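Please open the structure in your viewer and keep the selection tool at hand. The tour below proceeds from one selection to the next.

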Amino acid sequence: MKKKARGNARKSLFSKIIIMVVAAELAGVAGSLVTFPSVGSWYSSLAKPDISPPNWVFGPVWVALYALMGIAAGLVWNSSDKRKTFALKVYGAQLCLNVLWSLVFFGLRSPGLAFINIIALWLAIVAAMAAFNKISKSSMLLLVPYIAWVTVAMFLNYSIWILNP
């Protein structure tokens with residue numbers, strides 16, 4: 001009986017992680033629909049800081065980050081902690097800000113407005129990490145690469161804004 005319960009718990013955890021990874025990756029796809037058309041045209045014409053990664057780096061990095069975000073959210077969702085609903089709402093808010101950044105930066109072609117958005121995104125990620133940490137330290141740690149990358153992206157966004165008045 002215990003083996004069956006453990007097996008069902010593993011299936012439940014796996015299902016929740018898969019759902020959250022797919023949801024996160026779909027958010028990435030939504031943002032990329034606006035991003036891709038601008039990368040070869042508008043974005044390539046902008047002055048960028050010397051430390052800007054090549055364009056091909058962004059896709060694989062974001063796919064990996066969205067996967068880590070989804071795993072983290074799946075772990076929180078699977079928790080029996082009563083704070084998980086709040087934590088997942090904060091996570092959802094930061095995911096919306098993430099998609100919004102692509103729409104503002106690439107869709108509206110507004111690095112200044114996107115910089116304001118990315119500051120809000122960074123703060124929302126920190127809030128999600130704090131909320132996740134109260135439930136699962138592992139889920140919080142899975143977001144560390146994300147906050148690191150968004151910190152770099154914030155610098156790049158600011159630099160592009162300043163270099164392209």
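The model shown here is predicted. Across the whole structure, a search finds one salt bridge. To see this salt bridge, select R83 and D81, whose closest N and O atoms are 2.7 Å apart. Side chains of opposite charge can pair when their charged atoms come close. Is each partner buried or exposed? D81 is buried, because its relative accessible area of 19% falls under the 20% limit. R83 counts as partly exposed, with 39% relative accessibility, since this value lies between the limits of 20% and 50%.

Next, select F14, I18, V22, L26, V29 and L33. These residues form a nonpolar patch on the surface, and together they have about 590 Å² of accessible area. Within this group, pick out L33, which is placed in helix α1. L33 has a relative accessible area of 61% and is therefore exposed, the limit being over 50%.

Now turn to the largest pocket, which holds about 650 Å³ of space. Its lining consists of 30 residues; select T35, F58, W62, S102 and F106, the closest of them to the centre of the pocket. Which helix gives the most to this lining? It is α1, with nine residues. Colour α1 (2-39), α2 (55-78), α3 (84-107), α4 (111-133) and α6 (144-163) to follow the wall of the pocket, as each of these supplies at least two lining residues. Finally, colour the lining by class: 20 residues are nonpolar, nine are polar and one is charged.

Methods: Residues are numbered from 1 along each chain as its sequence is written. This is a predicted model: local features need pLDDT of at least 70, side-chain atom pairs count only at pLDDT 80 or more; totals for chains, interfaces and linings use all residues. Side-chain values use heavy atoms; hydrogens and water are left out. On a 1 Å grid over the protein atoms alone, a cavity is a set of points where a 1.4 Å probe fits but cannot get out, and a pocket is an open set with protein on both sides within 12 Å along at least five of seven lines; lining residues have an atom within 4 Å of a point. Grid points are joined across faces, edges and corners, and a volume is the space filled by probe spheres set on the points. Helices (H or I, at least four residues) and strands (E, at least two) are DSSP runs, numbered from the N terminus. Ala, Val, Leu, Ile, Met, Phe, Trp, Tyr, Cys and Pro count as nonpolar, Asp, Glu, Lys and Arg as charged, and the others, Gly among them, as polar. Patches are made of residues with over 30% relative accessible area and no salt bridge: like charges are joined within 9 Å, nonpolar side chains (Val, Leu, Ile, Met, Phe, Trp, Tyr) within 5 Å. Accessible areas come from the Shrake-Rupley method with a 1.4 Å probe; for residues, only the protein chains shown count as cover. A salt bridge is a side-chain nitrogen of Lys or Arg within 4 Å of a carboxyl oxygen of Asp or Glu. Buried means under 20% relative accessible area, exposed over 50%, partly exposed in between (1.4 Å probe, protein chains only).
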